[in-house]
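Morning, everyone. Please look at the screen. I'll keep this short.

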Amino acid sequence: MKARLFFLLIFLLIFILLQVGNTIPTQHRVLFIISFAVLFCFTLFYLLKEKDYSPFIASFVVFSFLFFIMAPILQLDQYFETSNKRLFNGLIYSDALILKANILIIIFNSTFFLVYYVFHNYYKHIKVITYNRYTPLYIFIFFVLNLVVFVLKYDYLMSKISLTSYSNITSKVAGILNAKFFFFLPFAPIVLGLHYIKNNWNRKTKNFYIIFAIVIILIAIFFLYKNPLAAKRNALGPIYITLIFLFIPRWVNTNFKILSLLFFSLIVLFPLSSLVTHSDKNLSDMSFEEIVSSENIQESLSSQFTNLNFDAFLMLGVSIDYTEKEGHAMGRQLLPAGLFFIPRVIWDNKPITTGQLMGEHIQKHHDKRKWFHNLAAPFVAESFVDFGVVGVILYAILLAFLCLKFVNWLKSNDPLRQLAAFYFSIHLIFLLRGDLTNGFVYYFLPFVAFFVFPKLMMKILK
């Protein structure tokens, strides 16, 4: 209890410090206070009253605080100190856009919290899955399949590891399939093997030692697939924290622990990881002393909240400006996500992602120098671009029910359901940051790899 109260106190003190001495106008201060009050009350209930383990809420709280409160306060303070005409993402400053963005966030968060806690008592049914005596056979077949994939993808993998600048060594579609499907295939047999080992720890048969060896080999392959030299941070975070959940659950098995871990990870570990993942040097040219120099570390920590990594609030402002000039999309922006598998070669007028759409809008109406269009569009911005305020409320309701469904999966004793649920809870931060197409595809393809495909294979083999 003392640790949770201490966290809440630190949480409150950080916000108070943000409010002291900044230069943003009073009307913005008031709305940020209201936004924080909504979030703080929800966090208070989450830590002190919530009985169910729900890492989804931890991700939601951390994202909302860092991206919709802390980052925009620092960014706006920087803007008013320098008196620039534009914010760092190219958006021309407007009091109205900032006020509307805060109001939409308050509506979205309030709706999500209300729906989640009104209906969370209705999701109490726990699906029980009992794996049969053929489970070792399933694990062995998945192991052989992963060895085949590893051999076929070895050259591509070595190219990725040796280049931290991510050159175009393959097509975009092939790269996504490799990173988000093939390289996630070891996840399911690792989880099934770990489940088997735990359940047979006291009766170590020959199968036990074979499965143990298979799990070790697959973990080694998985780390070759997913490491800072071969994957971006938005992929590594959910993977590594999920591995902690699987192998060292006591580190993240309470709401307080997972909230603390995510909070620390995004404030410290996330920016420091860019020292490797965003270096433009080859692996052979990098030195440990250069990577961990105090100058590099200080720069990463001090600039993280005023760069494009934390531009979600400002991109919501861009989306509001876009709808005022172009009108609402009325669901059109759902198509790139729902029909992502249809290539543009076949569908010539396939809508571009919302992030790219907002990037083009910035270049057209705010800053012609902003040629880079691969930008984020937060989940609340996606909802507003498509259906306005009604969309904001509707998307919040749908997200709340989705999280509740995954809470149910997390409480089951099916290891693959638990994997799918927990992985989504951490991936939720990336989904909320957006855009929706990337957030959806980057979960859907791994979900097929570590849940749908193994379930289908086991059903066929059975």
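I'll go through one residue, one pocket and one helix. Keep in mind that this is a predicted model.

Let's begin with Phe424. This residue sits in helix 18, which covers residues 415–433. Is Phe424 buried or exposed? Its relative accessibility is 3%, and buried means under 20%, so Phe424 counts as buried.

What does Phe424 touch, once neighbours within four places in sequence are set aside? The contacts are Phe56, Leu402, Cys403, Phe406, Leu431 and Tyr443. Now look at Thr242. Thr242 is 182 residues away from Phe424 along the chain, yet their C-alpha atoms are separated by 9.5 Å.

Next, the pocket. Rolling a probe the size of a water molecule over the atoms reveals where empty space remains. The second largest pocket holds about 400 Å³ of space. Its lining has 16 residues. Phe424 is among those nearest the centre, along with Leu402, Leu431, Leu436 and Phe440. Which elements give two or more residues to this lining? They are helix 17 (379–410), helix 18 and helix 19 (436–461). By type, the lining has 14 nonpolar residues, two polar and no charged.

Last, helix 6, residues 154–162. Here Tyr156, Leu157, Lys160 and Ile161 are buried. Looking down the axis of helix 6, you find its buried residues within an arc of 135 degrees, so they line one face of the helix. A general point helps here. An α-helix has 3.6 residues a turn, so residues three or four places apart point the same way. And what do the buried residues of helix 6 pack against? Their partners are helix 5 (135–152), helix 7 (172–180) and helix 9 (206–225).

Notes: Residues are numbered from 1 along each chain as its sequence is written. This is a predicted model: local features need pLDDT of at least 70, side-chain atom pairs count only at pLDDT 80 or more; totals for chains, interfaces and linings use all residues. Side-chain values use heavy atoms; hydrogens and water are left out. Helices (H or I, at least four residues) and strands (E, at least two) are DSSP runs, numbered from the N terminus. Buried means under 20% relative accessible area, exposed over 50%, partly exposed in between (1.4 Å probe, protein chains only). Contact means heavy atoms within 4.5 Å. On a 1 Å grid over the protein atoms alone, a cavity is a set of points where a 1.4 Å probe fits but cannot get out, and a pocket is an open set with protein on both sides within 12 Å along at least five of seven lines; lining residues have an atom within 4 Å of a point. Grid points are joined across faces, edges and corners, and a volume is the space filled by probe spheres set on the points. Ala, Val, Leu, Ile, Met, Phe, Trp, Tyr, Cys and Pro count as nonpolar, Asp, Glu, Lys and Arg as charged, and the others, Gly among them, as polar. The arc is that of the directions from the helix axis to the C-beta atoms.
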